[in-house]
Amino acid sequence: MKPFCLVNKFCWVGAWLRGKGYDIECPNHEYCTSNTNRYDPLSEKDLGYEIGKKIAKLDLLVDYCTTDGDAKSVQGLKEAMQETFDPLWSVNRLAGVKVSWVKYSEQKFSVGMFPGATKAQRNDFKIAFANYLKLCSHGIMNSLFAKYNGDRQNFLAVMVYKMGL
């Protein structure tokens with residue numbers, strides 16, 4: 001099966017050759033892995049539209065899409081679904097504009113919070129704790145999603161109330 005890749009700017013061969021002083025431009029050389037110029041701008045909305053068209057060819061309809069907080073790809077995906085299936089179709093985004101999931105393992109914890117004689121040992125505890133927090137958060141979100149039948153507004157209101165925000 002062909003890999004699902006719409007736009008790729010990365011070409012390690014080209015980067016290595018440019019580092020050696022050769023005048024190489026991607027994507028027009030032998031063994032090039034990119035399919036667009038490294039200076040071309042990427043449009044998340046256009047990529048979402050192209051992904052939506054590919055999904056629609058398989059007769060699949062997207063109802064929910066989870067993205068990072070500033071992604072515009074959902075709008076492109078929605079347009080592709082509306083164009084192919086139903087003009088009134090809506091793709092629901094599961095991440096709000098201000099919601100951003102930071103990697104738990106990169107968080108700053110108190111210096112003496114984790115046991116261990118070396119920094120590597122303390123880091124292992126830190127990563128285990130971060131993974132535990134991540135799994136707990138995921139479990140809470142899944143249970144709220146199930147309890148409120150996928151109604152995001154209800155379970156977000158419950159979360160805000162419980163957290164006292």
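A residue counts as exposed when its relative accessible area is over 50%, and as buried when that area is under 20%. Asp 59, at 64%, is therefore exposed. The model is predicted. The protein has 165 residues, of which 19% are buried. Five helices and two strands make up its elements. Mean pLDDT for the protein is 76.

**Overall architecture**

- Read from the N terminus, the order of elements is α-α-β-α-β-α-α.
- Among contacts with a separation of 6 or more, 56% join residues 24 or more positions apart.
- The accessible surface of the protein is about 12700 Å². Carbon and sulfur atoms hold 59% of that surface.

**Confidence**

- A pLDDT of 70 or more is reached by 81% of the residues.
- Helix α1, residues 12-19, has the highest confidence, at a mean of 87.
- Strand β2, residues 92-93, has the lowest, at a mean of 70.
- Residues 96-101 stay under 50 in pLDDT. For this stretch the model has three contacts beyond four places in sequence.

**The largest nonpolar core**

- Seven residues form this core. They are Ala 56, Val 62, Cys 65, Val 74, Leu 77, Met 81 and Val 91.
- Helix α3, residues 73-84, is the top contributor to this core, with three residues.
- Leu 77 belongs to the core. Beyond four places in sequence, Leu 77 contacts Gly 48, Tyr 49, Ile 51, Gly 52, Val 62, Cys 65 and Val 91.
- Val 91 is another core member, and its place is the loop between α3 and β2. Its relative accessible area is 7%, so Val 91 is buried.
- Outside its neighbours up to four places away, Val 91 touches Val 62, Asp 63, Cys 65, Val 74, Leu 77, Lys 78 and Met 81.
- Val 91 and Leu 61 are separated by 30 residues in sequence. Their C-alpha atoms are 9.1 Å apart.

**Cysteines**

- The model has zero disulfides.
- Cys 26 has the sulfur of Cys 11 as its nearest cysteine sulfur, 3.7 Å away. A disulfide needs the two sulfur atoms within 2.5 Å, so Cys 26 is in none.
- Cys 26 is buried, because its relative accessible area is 3%.
- Cys 136 is partly exposed, because its relative accessibility is 29%.

**The loop between α1 and α2**

- Ser 34 sits in this loop, which leads to helix α2 at residues 44-57. Ser 34 has 7% relative accessibility and so counts as buried.
- Beyond four places in sequence, the contacts of Ser 34 are Asn 8, Lys 9, Phe 10, Cys 11, Cys 26 and Pro 27.
- His 29 lies in the loop between α1 and α2 as well. At a relative accessible area of 16%, His 29 is buried.
- Leaving out residues up to four places away, His 29 touches Cys 11, Val 13, Gly 14 and Ile 24.
- Cys 11 thus appears in the contact lists of Ser 34 and His 29.

**Backbone features**

- The peptide bond between Cys 26 and Pro 27 is cis, with omega about 15°. Pro 27 is in the loop between α1 and α2.
- Tyr 31 has a positive phi, about 65°, and is not a glycine. Its place is also the loop between α1 and α2.
- Tyr 31 is exposed, because its relative accessible area is 64%.
- Asp 59 is a residue other than glycine with a positive phi, near 60°. Asp 59 is found in the loop between α2 and β1, where strand β1 spans residues 64-65.

Notes: Residues numbered from 1 in each chain as written. Predicted model: local features only at pLDDT ≥ 70, side-chain atom pairs only at ≥ 80, totals over all residues. Heavy atoms only, no water. Buried < 20%, exposed > 50% of the residue type's maximum accessible area, 1.4 Å probe, protein only. pLDDT = per-residue confidence, 0-100. Helix = DSSP H or I, 4+ residues; strand = E, 2+ residues; numbered from the N terminus. Contact = heavy atoms within 4.5 Å. Core = buried A, V, L, I, M, F, W, Y, C linked by side-chain atoms within 4.5 Å. Areas by Shrake-Rupley, 256 points an atom, 1.4 Å probe, with all protein chains shown as cover.
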